[in-house]
Amino acid sequence: MLTAVVFLDVSKEFDSINHKTLILKLQEVVASNSVTQWFQCSLNDRRQVVRNLSKLTEPYLSSAVYSGVPQGSILGPVVFSIYTNGLPSKPQECSCQSYVDDNQLIISFQMKDINSNAFADLRNDLHRIGEWCSNNLLLLNPGKTRLMVFRSMEMR
């Protein structure tokens, strides 16, 4: 038995979250308008400071920030998970495993089927994921995306 796993890497995942798309997705999963409005307020008019030893600069109001969530924030991984909630449902032949910004596309097949449709199915599902990422303003990083093929030992 062979198992092919594609480890997907999204470029600058937390920086790429589009605020308008995020708010729409939050409205789908959050029952309360006040919670969605709180998220919207937390993303708008963010201010930045720089700490140099014990000194802080004056707060700087970022101009026109339309994407990204603060990295290192407690809600960052939760927001990213909500944003990418639809990704695992896109593959039709492979299974997709996701944990925050780590995604794997997995397909298993028999050694005798190596020249069959398994890799075509994998390629088609990768294309579906690429389209979904593009539609959600995310970019797969081909330089960091990896394919690994595992083989189980035959029992005699």
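**Exercise 1. Find which residues Leu122 is in contact with once its neighbours within four places in sequence are left aside, and place this residue in the core.**

Solution. In this predicted model, Leu122 is in contact with Ala4, Val6, Cys94, Leu105, Ile107 and Leu147, leaving aside its neighbours within four places in sequence. The next step is to turn to the largest nonpolar core, which has 29 residues, and in which Leu122 belongs with Ile17, Leu22, Val69 and Leu105 to those that touch the most other members. The elements that give two or more residues to this core are β1 (2-8), α1 (19-29), α2 (33-43), α3 (76-83), β7 (102-109) and α4 (118-135). Among these elements, α4 supplies the largest share, namely five residues. As a general background, nonpolar side chains in soluble globular proteins tend to be buried together.

**Exercise 2. Work out which residue forms a salt bridge with Arg128, and where the two partners lie.**

Solution. The count of salt bridges comes to one. Arg128 forms a salt bridge with Asp125, and the closest N and O atoms are 2.5 Å apart. Both residues belong to helix α4, and because they are three residues apart there, about one helical turn separates them. As to exposure, a residue counts as buried under 20% relative accessible area; Asp125, with 0%, is therefore buried, whereas Arg128, with 24%, is partly exposed. In general, side chains of opposite charge can pair when their charged atoms come close.

**Exercise 3. Describe how α1 and α3 pack, giving the angle and the distance between their axes.**

Solution. The two helices pack at an angle of about 85 degrees, and their axes are 9 Å apart. Angles of 65 to 115 degrees count as roughly perpendicular, so α1 is roughly perpendicular to α3. The residues that meet are Thr21, Leu22, Lys25, Leu26 and Val29 on the side of α1, and Val79, Ile82 and Tyr83 on the side of α3. Sorted by character, the residues of this contact divide into six nonpolar, one polar and one charged.

**Exercise 4. Locate Leu75 and determine which residues it touches, not counting those up to four places away in sequence.**

Solution. Leu75 has its place in the loop between β5 (60-61) and α3. With a relative accessible area of 34%, Leu75 is partly exposed. Not counting residues up to four places away in sequence, Leu75 touches Trp38 and Phe39. For Phe39 the separation can be stated in two ways, since Leu75 and Phe39 are 36 residues apart in sequence and 9.9 Å apart in space, C-alpha to C-alpha.

Definitions and conventions
Residues are numbered from 1 along each chain as its sequence is written. This is a predicted model: local features need pLDDT of at least 70, side-chain atom pairs count only at pLDDT 80 or more; totals for chains, interfaces and linings use all residues. Side-chain values use heavy atoms; hydrogens and water are left out. A nonpolar core is a set of buried Ala, Val, Leu, Ile, Met, Phe, Trp, Tyr and Cys residues joined through side-chain atoms within 4.5 Å. Buried means under 20% relative accessible area, exposed over 50%, partly exposed in between (1.4 Å probe, protein chains only). Contact means heavy atoms within 4.5 Å. A salt bridge is a side-chain nitrogen of Lys or Arg within 4 Å of a carboxyl oxygen of Asp or Glu. Axes are lines fitted to C-alpha atoms, for helices over the stretch in contact, and angles run from 0 to 180 degrees between N-to-C directions. Angles under 35 degrees count as roughly parallel, over 145 as roughly antiparallel, 65 to 115 as roughly perpendicular and the rest as oblique. Ala, Val, Leu, Ile, Met, Phe, Trp, Tyr, Cys and Pro count as nonpolar, Asp, Glu, Lys and Arg as charged, and the others, Gly among them, as polar.
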